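Open the model in your viewer and keep the selection tool ready. The tour goes from a helix contact to open and closed spaces, with a ring pair in between.

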Amino acid sequence: MSFWHNGSEAGESDDTQQTNPFPPGYVEARVQLDNIVNKYVQEHVRIDQLELDQPFQTPLITRLLPERNAIRPPPFRLRLRHKDGNKAINLQGAGAWFILASPKKGVVGLPGGKVEILGVDQQRQNWMCPLLVGAISCELIYDPDSDDVIVGNTGSLPLSVQPLPGTDTGPLMIDVGELGSITPALWEFVSGQDTVEVEVLPRQYLLHVEQNRAPAITASKRSLSQEDASQKKKARGIDGPLASTAATQTEAGPEPEPENLGQPQSVVVRDDNGSVTAAFQLQPGQRLCMVDKRTGNTEYSVRRLSQWGHSTPSSDMFRAILKGSSQKGEVVVVKIVKSTLSDRQAAVENGGREWWKECYINQRLNHPHIARMVGFDYRIRCFYFEHKDAKDLSSTRWCFGEDDQKPHFFKGTINDACCILADIASALAYLRRQELDIVHGEVKPGNIIYHRNRRQGNHFSRATRPGAFLVNFDLARPKHIPKHKRSSPWYTTLALDRFIPDSMHHTEVDIYGLGVVMLYLLGRTGLPERVASEMGWDPAEYEAGDPVAIEKTRIWFKRVETMRQGLQATPDCTKTEAELMTIVRNMLLPVGKAITAVQLEEVTRKWASTKVV
């Protein structure tokens with residue numbers, strides 16, 4: 001049908017004039033009728049009454065590429081409809097697909113009509129979807145261990161969540177600031193006079209664990225096993241393995257051939273209720289595959305290497321080969337984030353928020369003495385960090401054991417201490433210079449890994465840059481965010497906090513923690529958490545005014561001050577030792593007098609393992 005326009009220019013001949021095949025007013029009336037039909041179906045046709053299992057249209061594709069209006073939908077987790085169309089739904093920057101869908105046959109007795117809805121797919125970085133519609137303000141938080149979604153009411157009015165007909169579940173009333181859990185179904189959210197329809201869909205991925213195809217890799221006294229080294233020779237860097245964040249539009253067409261994952265050795269990770277779960281445990285040699293449920297294709301895989309692992313209440317770490325679907329593998333350290341809360345809904349909400357905070361900070365870090373994040377995936381609550389053949393300062397590589405002559409003391413030399421101080425000072429100064437002015441929050445021996453420069457060693461040792469590296473940013477925060485109460489008490493400034501203005505706290509906490517580390521490196525104390533374990537306390541108890549915690553805090557800080565004052569040069573000290581002790585004394589000075597991170601970087605630059613520009 002050609003577009004109609006009115007009449008011709010003056011002077012045109014009759015045979016060149018375009019004629020209107022419709023009577024006057026027909027086009028205007030047809031447009032008005034279409035608008036009435038579209039408004040009716042938008043207000044009255046629910047999401048489950050739409051044709052959504054077929055390739056759909058988007059306004060942008062239809063307008064720019066009319067011959068390519070068939071789009072295969074991505075694996076949506078949420079679909080949303082408002083009676084006034086998509087313009088009424090604010091996802092506050094979250095990515096979404098704008099969809100025009102037709103009602104199913106027989107739903108309405110009118111010809112034509114299109115309904116606007118929004119489709120939201122869950123990618124690796126998505127831990128929740130914010131939703132704002134009038135008085136409705138909430139967060140839709142994805143549960144990695146089930147198909148459920150946790151709804152957090154961030155508005156100023158209670159939120160009613162009603163299942164629409166055909167749903168075998170009951171309604172919810174979520175008070176302001178509270179959480180509720182909803183299953184895959186069609187729901188109506190109501191707050192005040194505002195209403196929006198939300199459909200929760202099951203996850204469109206599976207976790208396959210391929211059982212061992214070869215004997216398990218045993219631990220080795222070497223820094224890495226033979227298997228690790230051989231894999232490293234095969235595994236070169238991969239270009240942005242897991243950092244993709246943008247959704248891509250895929251034209252409808254033949255599906256790619258799925259990778260064969262049907263071997264007897266492959267099992268889907270499920271919990272006791274049969275649901276796919278992110279709480280997997282890999283044994284050496286096992287491979288975890290993230291699989292597209294629709295096609296059977298492997299998105300990427302992680303194969304655990306040696307027995308080495310490190311576990312805390314908040315995370316598990318192990319070494320693995322990370323491999324994309326069309327990329328070579330890379331040796332990485334896998335970090336799985338865990339929640340310490342017992343309440344399931346609170347654990348999902350808190351775990352997601354903590355995961356995103358750590359991800360947000362790590363994405364912005366690029367320094368030679370900070371372990372670089374090479375990938376992430378909220379769907380299994382994990383991070384992937386570049387592997388370094390270095391051991392943390394609390395490990396047996398650098399700390400004497402209980403039965404040694406100097407139990408729990410540092411094994412290294414004064415040169416090691418100088419190098420570690422310079423490298424970590426450079427990292428802390430870098431954090432201060434960032435726009436966010438980042439506080440690490442827990443500078444301690446266990447969060448500093450060190451690789452001494454040596455000519456001999458295995459392939460990994462020679463490939464790793466020598467020096468010290470700051471790791472584990474799970475307690476890191478921008479300076480304007482309140483300090484965390486989970487930090488290790490021996491390295492915090494708790495006894496000083498009451499005297500530290502908020503504007504100064506970020507300049508003190510990391511330097512003080514590094515100062516206590518230096519007391520350990522200089523042999524003034526063994527590893528504090530071992531030789532002074534009786535002095536351990538819960539920082540939250542101190543903040544709550546617990547008298548026992550307050551007394552332990554006072555005793556420990558008095559002990560640190562005694563060690564600080566004892567850092568005096570003796571006649572047999574070298575010039576380097578005397579200078580180093582002076583610097584450490586200045587790191588542990590009272591508030592407002594301690595050396596800053598930038599100043600510390602300047603005075604220790606000559607000891608750095610690498611020149612940082």
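Start with Glu579, Ile583 and Met587 in α12; they meet Leu600, Val603 and Thr604 in α13. This is a predicted model. By class, the residues of this contact are four nonpolar, one polar and one charged.

Now show both helices whole. Select residues 575-587 for α12 and residues 597-604 for α13. How are they packed, by angle and by distance between the axes? The angle is about 180 degrees, and the axes lie 12 Å apart. Angles over 145 degrees count as roughly antiparallel, so α12 is roughly antiparallel to α13.

**Ring pair**

The structure holds 11 aromatic pairs. Select Tyr300 and Tyr384 to see one of them. Their ring centres are 6.0 Å apart and their planes stand at 85 degrees. Plane angles over 60 degrees count as edge-to-face, so this pair is edge-to-face. Then colour the strands: Tyr300 sits in β17 (residues 298-312), and Tyr384 sits in β21 (residues 382-386). The pair links distant parts of the chain, with the two positions 84 residues apart.

**Largest pocket**

Next, turn on a surface. The largest pocket has a volume of about 1300 Å³. Which residues are the closest to its centre? Select His310, Met317, Asp392, Gly446 and Asn447, out of 47 that line the pocket.

Keep β17 and β21 coloured, since both are among the elements that give two or more residues to the lining. Add β18 (315-324), β19 (330-337), β22 (391-392), β24 (448-451) and α9 (528-531) to complete that set. Colour the lining by class: 14 residues are nonpolar, 16 polar and 17 charged.

**Closed spaces**

Two cavities of 30 Å³ or more are present. Go to the second largest, with a volume of about 40 Å³. To outline this cavity, select Gly441, Glu442, Val443, Ser487, Ser488, Tyr491, Thr492, Val509, Asp510 and Gly513. What classes make up the lining of the second largest cavity? Three residues are nonpolar, five polar and two charged.

Technical notes: Residues are numbered from 1 along each chain as its sequence is written. This is a predicted model: local features need pLDDT of at least 70, side-chain atom pairs count only at pLDDT 80 or more; totals for chains, interfaces and linings use all residues. Side-chain values use heavy atoms; hydrogens and water are left out. Axes are lines fitted to C-alpha atoms, for helices over the stretch in contact, and angles run from 0 to 180 degrees between N-to-C directions. Helices (H or I, at least four residues) and strands (E, at least two) are DSSP runs, numbered from the N terminus. Angles under 35 degrees count as roughly parallel, over 145 as roughly antiparallel, 65 to 115 as roughly perpendicular and the rest as oblique. Contact means heavy atoms within 4.5 Å. Ala, Val, Leu, Ile, Met, Phe, Trp, Tyr, Cys and Pro count as nonpolar, Asp, Glu, Lys and Arg as charged, and the others, Gly among them, as polar. On a 1 Å grid over the protein atoms alone, a cavity is a set of points where a 1.4 Å probe fits but cannot get out, and a pocket is an open set with protein on both sides within 12 Å along at least five of seven lines; lining residues have an atom within 4 Å of a point. Grid points are joined across faces, edges and corners, and a volume is the space filled by probe spheres set on the points. Rings of Phe, Tyr and Trp (its six-membered ring) pair if their centres lie within 6.5 Å; planes under 30 degrees apart count as stacked, over 60 as edge-to-face and the rest as tilted.
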